[in-house]
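Biologist: Walk me through this one, please. Keep it brisk.

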2 protein chains.
Amino acid sequence: MDLQESKQKFIDTWGSLGSEWGINKSVAQVQALLLVSSTPLSTDDIMDTLTISRGNANMSLRQLLDYGIIYKKVLAGDRKEYFVAEKDVWKWAVRIAMMRKQKEIDPVMNVLKELKEETKKIKTPEGKEFNKTVDDIHLFTEQMSNLADKIFTSNRGELLLKLLKIVM
Amino acid sequence: MDLQESKQKFIDTWGSLGSEWGINKSVAQVQALLLVSSTPLSTDDIMDTLTISRGNANMSLRQLLDYGIIYKKVLAGDRKEYFVAEKDVWKWAVRIAMMRKQKEIDPVMNVLKELKEETKKIKTPEGKEFNKTVDDIHLFTEQMSNLADKIFTSNRGELLLKLLKIVM
DNA sequence: TTAAACTTTCAATACTTTTTGAAAGTTCAG
DNA sequence: CTGAACTTTCAAAAAGTATTGAAAGTTTAA
């Protein structure tokens, strides 16, 4: 397996992992391509390498820029836009996790809280039971959510080392 | 909003959350229904309540049984199979996480390891750069994976409290 | 052993998401 | 200004996933 094949395998693997975690395959592949490219790439480079359409390349790039895990790079004497990947794994892992938590977990937490309040007043056994179920899930989710927030805002080495030490 | 509406809202919310995390909507809804039901339910009960087909109900139940987050329950004097949900949130959260890690993360780790070895020998600057990228990602993933394993095998209160204390 | 009661399977169909690419929009050097 | 170079949009098409339900399979009481 030569370098090109290795890079291709990395891109493909990253693409499948993305799909399984609800991240669009093309988006994941574009990030992977930029991660393993030793030079900044233009939209056309990406289209050609991954054989995807202009629209797809553009949308994938925009989403990665939104996530803040790739950057635009201006090359002197060239009007084209080039892109490079954030190489610090911790940095982009945290950004993706924050984004998804906000978009997916927080709304669920709000519904849970609402249902908890709504059903607090119900005095039937069935109502009490439902209230307890919702309450348990809400409490658990809240603890996890707090933990996640703390981890997101701390910096890598420090916290991760502490965690590993405790847990080993 | 009465109890029935509340339960319905819970089921719907759970279904959407599931979808976003790559868990089949019906599967998530069946778990939610069993979680909020005060009595064991049969396949037909589930079909009727969620208005899904027999095949779908059956496959969803089987998957949840595989995950170990619902149980079969035999009701005396009845040939039908009934199902109840595991109510301990920590227990099923851990089971789902373990399952997904095993199925999705572990294979990726293997590919990363393989690519790391493959490219170790390449002496060009481009090869070295790729090797470093893969190595960084592999190391990070490995640390996270170890942490996850430790958390999975410890029990809730004990560890979570320690984590929270450190992090607060 | 039978047949009724129940569970499982799977090919066909419906639904959702992703991708395409032509057209519209923007920017900037001359 | 102008038009060439580049970026963005979006409706239509393709690809991917989930769901259905009839048929096949299994179990059990009598």
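Modeller: Classes up front: Ala, Val, Leu, Ile, Met, Phe, Trp, Tyr, Cys and Pro are nonpolar, Asp, Glu, Lys and Arg are charged, and the others, Gly among them, are polar. This is a predicted model, where local features need pLDDT of at least 70 and side-chain atom pairs need pLDDT 80 or more, while totals for chains, interfaces and linings use all residues. Residues count from 1 along each chain as its sequence is written, and chains are lettered from A and ligands numbered from 1 in the order in which they are written.

Biologist: How many nonpolar, polar and charged residues make up the surface near DNA strand C?

Modeller: There are 2 nonpolar, 8 polar and 8 charged residues. Near means that the C-beta atom, placed from the backbone, lies within 6 Å of the strand.

Biologist: Which residues come nearest to strand C?

Modeller: A:Ser53, A:Gly55, A:Asn56, B:Gly55 and B:Glu81, out of 18 around the strand. Elements giving two or more residues there are H2 (25-36) and H4 (54-67) of chain A, plus H4 (54-67) of chain B. H4(B) gives the most, 5 residues. Helices here are DSSP runs of H or I with at least four residues, numbered from the N terminus.

Biologist: And strand D, which residues come nearest there?

Modeller: A:Gly55, A:Glu81, B:Ser53, B:Gly55 and B:Asn56, again from 18 around the strand. H4 of chain A and both H2 and H4 of chain B each give two or more residues. H4(A) leads with 4 residues. The split by class is 2 nonpolar, 9 polar and 7 charged.

Biologist: Switching topic. What turn lays chain B on chain A?

Modeller: A turn of 180 degrees, with a shift of 0.0 Å along the axis and an RMSD of 0.0 Å. The two copies are thus related as by a two-fold rotation axis. The fit is least squares on C-alpha atoms of residues with pLDDT of at least 70 in both copies.

Biologist: Why do you say the copies meet through the same surface?

Modeller: Because 100% of the interface residues of chain B are also interface residues in chain A. Contact means C-beta atoms, placed from the backbone, within 7 Å. Each chain puts in 44 residues. On chain B, H1 (3-20), H2 (25-36), H5 (89-120), H6 (125-153) and H7 (156-167) each supply at least two of them. H6(B) has the largest share, 13 residues. By class, that side of chain B has 25 nonpolar, 8 polar and 11 charged residues.

Biologist: Take one helix pair across it. At what angle do H6(A) and H1(B) pack?

Modeller: About 25 degrees, with the axes 11 Å apart. That makes H6(A) roughly parallel to H1(B). Angles under 35 degrees count as roughly parallel, over 145 as roughly antiparallel, 65 to 115 as roughly perpendicular, and the rest as oblique. Axes are lines fitted to C-alpha atoms over the stretch in contact, and angles run from 0 to 180 degrees between N-to-C directions.

Biologist: Which residues of H6(A) and H1(B) meet?

Modeller: A:Glu126, A:Gly127, A:Phe130 and A:Val134 meet B:Leu3, B:Ser6, B:Lys7 and B:Phe10. The class count is 4 nonpolar, 2 polar and 2 charged.

Biologist: Now inside chain B. How far apart are the axes of H2(B) and H4(B)?

Modeller: They are 9 Å apart, at an angle of about 70 degrees. H2(B) and H4(B) are therefore roughly perpendicular. B:Ser26, B:Val27, B:Val30 and B:Gln31 of H2(B) contact B:Asn56, B:Ser60, B:Leu61, B:Gln63 and B:Leu64 of H4(B). That contact has 4 nonpolar, 5 polar and no charged residues.

Notes:
Two residues are in contact if their C-beta atoms, placed from the backbone, lie within 7 Å.
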